[in-house]
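Hi,

Here is the structure I promised to pass on to you. Have a look at it first, and then read my notes below.

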Amino acid sequence: MEELNSPLAAGLLLIAIAASLGLWACLFAHWRRGRRVLPRQMRRPVPWGGREAIGVFLIHLMTLAAMSQIFSQLVPTPSAEGPEETTHFAIRLLLGEHNPWAIAWAVMAVVLITPLAEEFVYRLVIQGWLESTEPLLRRRFSSLRRLPGVLPLLFSAGLFAFLHARGASPRIDSTGLLLLLTGMALGNLLVVLSGVCWLRFGSGATWADLGWEPRRILGDVRLGLLGYLAALAPVFLVQWIALCLLPEDVAPDPAGIFIFALALGWLYQRTHRLTPSIVCHMALNAQTVLLILLAVWAG
């Protein structure tokens, strides 16, 4: 967690954590009465296989790497002054940028584009494929029969968290950070567009297979917001513990991201719709952006 030097930002975060703990108390009471918190909604297995899932994942990695490389050629030479930083480059941009148009673009990239692309790749494509293949594994390995759905959930969350690991990197000015963010955002959009076309026309996936059901959009938005609120307290706790234990040149983000990814994967697993996890992801990113902007404006 970034240090908050704004009383308003710190106060809002404490209120959100208190609300998260209150929601957990309500969920526990609900569970004690023998009621299911979120019943699992069944659907047919996704029509794509490992070839398509791995292909979309590789497109995701290669596209982001290519766009980052292309835009990094435009980045000014990093300054040698000052220590290296482990802070994510999008947060660095928000902390140092004063142009309202640049801030608006950064907010759109972080809050809208990134959650859409990451939920498409990690929850829909990868976790969806793993869930469709899990019955075969359960028949071969009896130990998996006791915990249905756990293996796809853990694998997709672990992969998601692992790819968010980073160490310290040189300081870059706001122009360079904005170029890097633009490259990542455009890469994410290309991944979603190409992935949807491949699965839709190459694998015969329907819109329901792709996690999209417009008639349930309002309920899914509400579910995603509740998922964000429930995940907030555990994510903050794990992130704080990691921040205390890890050395300064290692970012603590993957620890909290893994817990958050479990919540995102659980939402997808129970509903097999993508809107709840996208909304949940957007809400957490929006909270992070809001707290950073409040801290900047207070300074």
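Let me start with the lining of the second largest pocket: 19 of its residues are nonpolar, one is polar and none is charged. Before you go further, please keep in mind that this is a predicted model.

Staying with that pocket, its volume comes to about 600 Å³. Its lining is made up of 20 residues, and those nearest the centre are Trp-24, Leu-27, Val-37, Ala-230 and Trp-266. Which helices supply at least two residues each of this lining? They are H1 (7–32), H7 (217–245) and H8. H7 gives the most, with seven residues.

Now for the chain as a whole. You'll find nine helices and zero strands, so to speak an α-α-α-α-α-α-α-α-α pattern when you read along the sequence. The chain has 299 residues, and 43% of them are buried. If you take the contacts between residues at least 6 apart in sequence, 84% of those join residues at least 24 apart. As for the outside, the chain exposes about 15700 Å², with carbon and sulfur atoms supplying 69% of that.

Next, the inside. The largest nonpolar core holds 28 residues, and the members that touch the most others in it are Trp-48, Phe-120 and Val-121. Five helices each supply at least two residues of this core: H2, H4 (100–140), H5 (150–162), H6 (174–202) and H8 (253–271). H4 provides the largest share, eight residues. Apart from this core lies another one, of 19 residues, including Ala-9, Leu-264, Leu-284 and Leu-294.

Phe-120 is a good one to click on in your viewer. Leaving out residues up to four places away in sequence, what does Phe-120 touch? Its contacts are Val-56, Val-125, Val-191, Val-192, Gly-195, Val-196, Leu-199 and Leu-274.

Two other residues are worth a look, and here they are one after the other.

His-60 sits in helix H2, which runs over residues 50–72. Is His-60 buried or exposed? Its relative accessibility is 4%, and buried means under 20%, so His-60 counts as buried. Not counting residues up to four places away in sequence, His-60 touches Val-121, Tyr-122, Asn-188 and Val-191. Val-121 is also one of the three residues that touch the most other members of the largest nonpolar core, and Val-191 turns up among the contacts of Phe-120 as well.

Trp-212 is placed in the loop between H6 and H7. Why does Trp-212 count as partly exposed? Partly exposed covers the range between under 20% and over 50%, and Trp-212 has 40% relative accessibility, so it belongs there. Setting aside its neighbours within four places in sequence, Trp-212 is in contact with Trp-207, Ile-217 and Thr-275. Try finding Leu-274 too: Trp-212 and Leu-274 are 62 residues apart in sequence, yet 6.4 Å apart in space, C-alpha to C-alpha. Leu-274 is also one of the residues that Phe-120 touches.

One last stop is helix H3, residues 89–96. This helix is mostly covered, with six of its eight residues buried. Which ones are they? The buried residues in H3 are Phe-89, Ala-90, Ile-91, Arg-92, Leu-93 and Leu-94.

That's everything from my side. Have fun exploring!

Cheers

Notes. Residues numbered from 1 in each chain as written. Predicted model: local features only at pLDDT ≥ 70, side-chain atom pairs only at ≥ 80, totals over all residues. Heavy atoms only, no water. Buried < 20%, exposed > 50% of the residue type's maximum accessible area, 1.4 Å probe, protein only. Helix = DSSP H or I, 4+ residues; strand = E, 2+ residues; numbered from the N terminus. Contact = heavy atoms within 4.5 Å. Core = buried A, V, L, I, M, F, W, Y, C linked by side-chain atoms within 4.5 Å. 1 Å grid on protein atoms, 1.4 Å probe; cavity = no way out; pocket = protein on both sides within 12 Å on 5 of 7 lines; lining within 4 Å. Points joined across faces, edges and corners; volume = space filled by probe spheres on them. Nonpolar A, V, L, I, M, F, W, Y, C, P; charged D, E, K, R; others polar. Areas by Shrake-Rupley, 256 points an atom, 1.4 Å probe, with all protein chains shown as cover.
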